[in-house]
Amino acid sequence: MNNIRSFIEKAGWPRVIIALFLLGLFVMAPFVRVRVDTSISDTLVRFGMNGVMVLAMVPMIQAGCGLNFGLPLGIIAGLLGAVTSIELGVTGLPGIFTAMLIATPIAIVLGWLYGQLLNRVKGGEMMIATYVGFSSVAFMCIMWLVLPYKSPNMVWGYAGAGLRTTISVDGYWSRAISDILAFNIGDFFYCPTGMMLFFAFLCFAMWMFMKTKIGTAMTTVGSNPEYAKAAGVNVDRMRTLSVVLSTVLGAIGIIMYEQSFGFIQLYMGPFYMAFPAVAAILIGGASVNKASILNVVIGTILFQGILTMTPSVINSLIETDMSEVIRIIVSNGMILYALTRVVKVKS
């Protein structure tokens, strides 16, 4: 009994309740004619698709810059890399790595500028980051129309210029990483092994980085900036580095998302993509100034698991197609819970 109480206190009641709710949905699924193997497969796919973007929250939280509501800035760098890769006509694994290679320097430049801005608004980073994310998406809505891409697979057919809202990566690098060592069990279970291994590699790399001298200095800046300054650590440089890392991970994260999803979504596509990532890491147990790889993994599984299971189970239960409505209610409800938790941590 003491062990159970200790586990609950360590995990926190909110995560225990959400985990039990998710478990209950899986138990209920067969009774409402929802296949459990398909549901687990969908949860794994969504976990791999979104995991890197949740991981992108870690460096900024550890450096005391708060939650990265400016994640769309990194996503835009990833989108630029993705459409440039398609413009060059590179396919398969070389195509996806070309997209990442192009996106990374763009993300470094954008992240550095973003970091310089956040260093000038210490204490109000999250509000400014939100506006940076929204305004960058709005600016790119213009740029997607005027950038000189010419590939017939991407531009509007009637004008021959301007990128389409949605671009298919089929025939280029759709599932290029997901299908590495992927396997099926029966007709309904698919495991995207390559995508899971890639995410695990990035988690390990981030964990290793946080153990280095620079990573430790970054954590010290987030925990006690005055102490870090007295110890000779350049606080602003560490904060900027964390923002650059977060932006680069955001760029790589959206490319991973697209290769699994099968489409590149431009214009307003990245507008709200920071909120699910923020909610996932908070549900995983992170706070505004402390996060770990375990928080990323647990939060992504719980958040994406609930998003996958709730619409399908409740939809089958009431025998009415309300999946999109239920998905929006569940998604926004979890984000609201997560943001409420931010206020509690701050107070």
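## L197 and its surface patch

L197 is partly exposed in this predicted model, with a relative accessible area of 47%. You'll find L197 in helix α8, which covers residues 193–211. Look across to L181: the two leucines sit 16 residues apart in sequence, and their C-alpha atoms are 9.6 Å apart in space.

L197 and L181 also turn up together in a nonpolar surface patch, along with L93, F97 and I180. That patch comes to about 440 Å². One of its members, L93, belongs to helix α6 (residues 92–119). L93 is partly exposed too, at a relative accessible area of 30%.

## Cysteines

How many disulfides does the structure hold? Zero. As a quick reminder, a disulfide is a covalent bond between the sulfur atoms of two cysteines.

Take C203 as a case in point. Its closest cysteine sulfur belongs to C191 and lies 15 Å away, so the pair is too far apart for a bond; the cut-off here is 2.5 Å between sulfurs. Is C203 buried or exposed? C203 is buried, with a relative accessible area of 8%. C141 counts as buried as well, at 17% relative accessibility.

## How far to trust the model

Across the protein chain, pLDDT averages 88, and 94% of the residues score at least 70. The stretch to watch is residues 343–347, where pLDDT is below 50. Beyond near neighbours in sequence, residues 343–347 have four contacts in the model. Where pLDDT is low, the predicted coordinates shouldn't be read in detail.

Key: Residues numbered from 1 in each chain as written. Predicted model: local features only at pLDDT ≥ 70, side-chain atom pairs only at ≥ 80, totals over all residues. Heavy atoms only, no water. Buried < 20%, exposed > 50% of the residue type's maximum accessible area, 1.4 Å probe, protein only. Helix = DSSP H or I, 4+ residues; strand = E, 2+ residues; numbered from the N terminus. pLDDT = per-residue confidence, 0-100. Contact = heavy atoms within 4.5 Å. Patch = residues over 30% accessible without salt bridge, like charges linked within 9 Å, V, L, I, M, F, W, Y side chains within 5 Å. Areas by Shrake-Rupley, 256 points an atom, 1.4 Å probe, with all protein chains shown as cover. Salt bridge = Lys/Arg side-chain N within 4 Å of Asp/Glu carboxyl O.
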